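Please look through the sequence and the structure below before reading on, and keep both in view while you follow the explanation.

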Amino acid sequence: MPPAAGSNLGYKPPDGGWGWAVVFAAFISIGFSYAFPKSLTIYFKEIQEYFSVSYSEIAWVSSVMLASMYAGGPVSSILVNRYGSRPVVMVGGIMVSVAMVLASFGTTIIHLYLCVGVIGGFGLAFNLQPALTIIGTYFQVKRPIANGLAMTGSPVVLSTLAPLNQFLFDSFGWRGSFLILGSIVLNCCVAAALMRPVNKCAQPNPNTDSPQFNGAVTEGADADTSTELANPLPGECQDESKSKSCCSKFIDLSLFRHRGFLIYLSGNVVMFFGFFAPVVFLAPYAKHQGTDEYSAALLLSIFALVDMFIRPITGLIGNSKWVRPRIQYFFSFAVSYNGICHLLCPLASGYKGLVVYAVFFGSAFGMLSALLFEVLMDLVGAHRFSSAVGLVTIIECGPVLLGPPISGALVDIFGDYKYMYYACGILMLLPGIFFFIMHYYNYKKLEEERRQSTAGEMRTSEEAVQLKMDQNVKTTNETDR
Amino acid sequence: MIPGKRRAAVMSFSMAIFGTLMLQSVSSQNEPSISASDQTTINGDVDSITLQCNLTSAYETHQESFWMKNGEEIQLTRGPDKNTEYKLNRPRAEDAGVYMCVYTFNMGPSANATIEVKSAPVITGHKRSENKNEGQLAVLYCKSVGYPHPIWTWYKFDNGAFRDIDNSSGRFIITSRDNYTELHIINLDINLDPGEYMCNATNIIGNNTEKSVLRVRSLLAPLWPLLGVLAEIIILVVIIVVYEKRKKPEDLQDAGPVKTNSTNNHKDKNLRQRNTN
């Protein structure tokens, strides 16, 4: 039985049917959001020569894009709360497309910062949040699998975009490539078209068409006689596309009093300092050890391949009946596993050791990414998820941006990569242990609260039965008289 | 002529000749003479080349000797030897050049002898391929090592063979110096300019060539894929929206009973339930 947090949606999510099309749409949106900034680095050398700027000035384009993507989180959440996922993703896709087309005509580097960085970043933010949110509305029982599959978008799109970008660059130069990328990104609008808002009135019978009519009727009869809590009022069925009237229309700041959310946030802020740096430094570390460029690039491919496969597998494991109720422990395990991987990395000797490290790191990274948003949904529930993810991304903005440069500084100061790996390992192991302890405490508290609330319900239903019996006695007394 | 005067003229003439001869021998005695090995050519078969210099005569003992290559002193060659050697192990084209053995003296200028080590030019750097847009400037270059410095020529592959570049449009500029040459093509023309270019370095010993490929991208080239992708996206969106619009009226039928008020609802449901029964 999943814990209490997510089940008070007010309707029964389909857990299938059109939900899988939505997972595919989320796959595309999430894939573009994470992979797009990384894949643009292929053009940097040529652009750097064209505008005659230094390497760090070019690297700022990527940083500004990532920063805008994370900072746009709350804006995206507000819009999703107000308008639903579909319009926001549509707007996001168009924004990124326009940004790339404008950038292809750019004349200065500032032009690129504004177009690709700011507008593009915001557009990607408008893709990421709604995609995550809509999965929560369509899935409840199979949510970990859906999340795992959707998050697989990131490595798959990255491995597709990287060689595609290289090909486009050779054929068309960077300006032509930006133009074509602007149109490729419009696939996010196709994904938006697939993100149909969930139908809260139709009962879940995904494979039936004509029998659905009967099914709806008989279950509708049942619904009328059951308590009003489980079904929305008839008037709300037509308002599916409007905001959920039970939640605040703007961002839900009461989350800062939510215990699970605070645990998640505090752990993540520390963890993200050491999250991306090892990925960034994998190839340079390999070259430092003496491997040639192609073998170093092969390491990254191995990492991406393992990452790609481990994400759906993690989703499946997370969905199994042993793990699902205690999925927070699984997440804590994933974080600690990452930390241990990094701490053991300096022991890897030679190219074979690095390959082993890449495999383990790939699995750790994939596990963590697949569970990252699933556990947040599990903690705060699908209703408040969009606000939660907005707040989380804007607060994570700092660590994500500062992590790689600080690690780079560590490498420069000590001249050796192992101190950076030790630092990243500790920065991930500590939150892992923190999560284990805090979630043990949190689960206990949730159990207590649930026992109290069910006891309270039993008391009120007993009182209701008592009241009815008294009423019957009264009426019989009255009729007798 | 008066007999006395003739004798005086002959005397002074012979004195002059004797004087110059004496002067010659004296000055040749002052100048140091060095016997140096002959100029050599580097080619693949030679395992090592030894350059020798011997100071055969000098007006005083020399101070030290060292070697120079192409006007710069070679490190770690200073020594007191009169008979000095410099060995080139497994010589390659970059070892070719003008070598000098230099002897320094305490009083007087230093003496030197030059030995030329020649080789055919070997092209060490060139751009294998260059992609540029229409109307831009393309620069192809070639770098070489070897001595003497080669004469550079550029060719373009046309009609099955490498021919001289036709510069009637004036867009081709070749700048060469010593071991480096550049071919500038301004205002690239997408019809005439793409293709294979060859730089040729020739000197008295031999020659070498390297090829570079120049590709010119049309400015309108990205438009076709752009329109193609846009078309694909519009088609997909239209398909998805049409599919949804066709499903929606059916969904609305399901929600139909819920729209009316509850008592009618019960009546309809009872009706249907009776029918199924």
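**A sheet in chain B and two loop residues in chain A**

In this predicted model, a good place to begin is a hairpin in chain B, where 4 residues connect strand 15 of chain B to strand 16 of chain B. These two strands pair in the antiparallel sense over 8 bridges, and one of the pairs that face each other consists of Thr202(B) and Asn207(B), the latter in strand 16 of chain B.

From the hairpin we can move outwards in both directions. On one side, strand 15 (residues 195-202) of chain B is joined by 6 bridges to strand 11 (residues 151-158) of chain B, and the two run antiparallel; here Trp152(B) has Ala201(B) of strand 15 of chain B opposite to it. On the other side, strand 16 of chain B is joined by 5 bridges to strand 9 of chain B, and this time the two strands run parallel, with Ser129(B) having Val213(B) of strand 16 of chain B as its bridge partner.

Taken together, the 5 strands make up an open sheet of chain B in the order 9-16-15-11-12, with mixed pairing. Strand 9 (129-133) and strand 12 (161-164) of chain B each have a single partner strand and therefore stand at the edges, where one side of each is left without a neighbour in the sheet. On average, and ignoring direction, neighbouring strands of this sheet are turned by 35 degrees against each other. As a general point, the side chains of a regular strand alternate between the two faces of the sheet.

Chain A also meets this sheet, since helix 8 (residues 153-184) of chain A lies across strand 9 and strand 16 (207-217) of chain B, and the helix runs at about 65 degrees to strand 16 of chain B.

Elsewhere in chain A, two loop residues deserve a careful look. Thr291(A) is found in the loop between helix 13 (277-289) and helix 14 (293-319) of chain A. Is Thr291(A) buried or exposed? Its relative accessible area is 17%, and because buried means under 20%, Thr291(A) counts as buried. A polar atom of the Thr291(A) side chain lies 2.8 Å from the backbone oxygen of Ala286(A), and, leaving aside residues up to four places away in sequence, Thr291(A) touches Ala286(A), Ala296(A) and Tyr351(A).

Pro325(A) sits in the loop between helix 14 and helix 15 (327-344) of chain A, and Pro325(A) is likewise buried, with a relative accessibility of 17%. Between Pro325(A) and Ser254(A) there are 25 Å in space, C-alpha to C-alpha, and the two are 71 residues apart in sequence.

How values were computed: Residues numbered from 1 in each chain as written. Chains lettered and ligands numbered in written order. Predicted model: local features only at pLDDT ≥ 70, side-chain atom pairs only at ≥ 80, totals over all residues. Heavy atoms only, no water. Pairing = 2+ DSSP bridges. Axes fitted to C-alpha atoms, helices over the stretch in contact; angles between N-to-C directions. Contact = heavy atoms within 4.5 Å. Buried < 20%, exposed > 50% of the residue type's maximum accessible area, 1.4 Å probe, protein only. Polar contact = N/O pair within 3.5 Å; in protein donor to acceptor, adjacent residues only side chain to side chain.
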